[in-house]
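User: Could you take a close look at the open sheet in this protein for me? I'd like to see how it is put together and what surrounds it.

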Amino acid sequence: MMVADARGAGCQTGLTAAVVVLLGGCKYTAPEPSDTAPDGSSCTPISKGLGRLAAPTVDPPILDGVFDDWTTCFVALDTTNAGLVRELEEARFASGAFSVAHDGSRLFVAVRLTAEQPRGNELSDIYRNDSIAIYVDADRVSNTDYDGNAAQIVIDHAARIRSFRKTVPITLPGVDAVVQEAATIDFEVAISQSALGPFASTVGFDLGLSEGDGQDQLSEVVWHQECDGQSGCLCSNDDDAPYCNAKQFGAVELLP
Ligand SMILES: [Ca+2]
Ligand SMILES: [Ca+2]
Ligand SMILES: [Ca+2]
C-alpha cells in the first residue's frame, strides 16, 4: 500500500516493502519538514535540509529521560518521512522524534520512541528489542565506510547499550544513556569525544528506530540514507543501510 505523504512523494510499505527494501528502501528528495518541540514551545531549529542538521552548543542536559531541559527542536521520524524504511520481519514500524545538541566535548541526543508491546528482553543483540540506533562518525570523512571512529550505538528500552561496527560487537566506553519508559520510550544520550576520537566540525550521524519483540528486529525506520544503491554504498550482503555502511550517514554540524 501507499502511505500518504505530505511532501507528495509517497512511500511504499506493506506487501511491496520487501521489493522496495531490495531496491534501497524509501528515499525522499524533498526538504525536511520544519522541526518542533515536543510540548509545542519555541525551540532552536536544527534541520538544515535533507540529511543535514545543525547542533547548537548548549548547557549539558541532565540525563534523566525528561526533555524539559532541551531547547532544540525535535525532528519527527516515521515511515512517512524516513530516508529508509527497513521492513525485516513484519510491516510494523516504530515512530518518534529526535533532537541533537552538544557542549564541545559531548554530543547529546534525545529520542522519543513509540513502539508496540512486547518490548523484548534480548541481552546481546538488543536491536531485537524496542530500541534506537545512533550512528556516529566522529570525522565524517565522506566516501569512507566504517573506520575506527565510526560506530552504531544501540540502546534499548531497558537502557542497555551495545555498540557495533558493521554488525561486529565492539567495546565503546564514553556513552551514557538514561531511558524513561511510559507510553513512549524517552532516551537521553551523551556520546563523549573519548568514545570515538575528536569530533570534527561536522560529524556523520544517523538515527534508527527499531520495532522488536526480543526474538527479531521486525523493522527499522531510519532518518537518512545518503546514497541509494550507488557504487560503494552497498554492504557485503547487498544491503543498503547505515548499520553496515557508514557512507549512508547524514551529517550534524556542531555549531560554535
Ligand atoms: Ca533531561
Ligand atoms: Ca515491540
Ligand atoms: Ca570516520
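Analyst: Buried residues account for 48% of the protein's 256 residues in this predicted model. The secondary structure amounts to two helices and 16 strands, and 63% of the contacts between residues at least 6 apart in sequence join residues at least 24 apart.

Now to the sheet you asked about. Five strands build this open sheet, and reading across gives the order β4-β6-β7-β13-β12, with antiparallel pairing. The edges belong to β4 (75-77) and β12 (175-181); each has a single partner strand, so one side of each is left without a neighbour in the sheet. From one strand to the next, the twist averages 20°.

Happily, the β4 edge can be followed down to individual residues. Strand β4 runs antiparallel to β6 (residues 95-102), and three bridges join the two. One pairing to look for is A76, whose bridge partner in β6 is A97.

Further along the sheet order comes β7, which leads us into the protein's interior. The largest nonpolar core has 67 residues, and the members touching the most others are V136, I153, F187 and V189. Strand β7 (residues 106-114) gives the most to this core, contributing six residues. V136 is a good place to zoom in: leaving aside residues up to four places away in sequence, its contacts are L107, A150, A151, I153, I191, L196, V203, G204 and F205. Among these is I153, which is itself one of the core members with the most such neighbours. As a general point, nonpolar side chains tend to be buried together in soluble globular proteins.

Key. Residues numbered from 1 in each chain as written. Chains lettered and ligands numbered in written order. Predicted model: local features only at pLDDT ≥ 70, side-chain atom pairs only at ≥ 80, totals over all residues. Pairing = 2+ DSSP bridges. Helix = DSSP H or I, 4+ residues; strand = E, 2+ residues; numbered from the N terminus. Axes fitted to C-alpha atoms, helices over the stretch in contact; angles between N-to-C directions. Buried ≥ 20, exposed ≤ 12 C-beta atoms within 10 Å, placed from the backbone. Contact = placed C-beta atoms within 7 Å. Core = buried A, V, L, I, M, F, W, Y, C linked by C-beta atoms within 7 Å.
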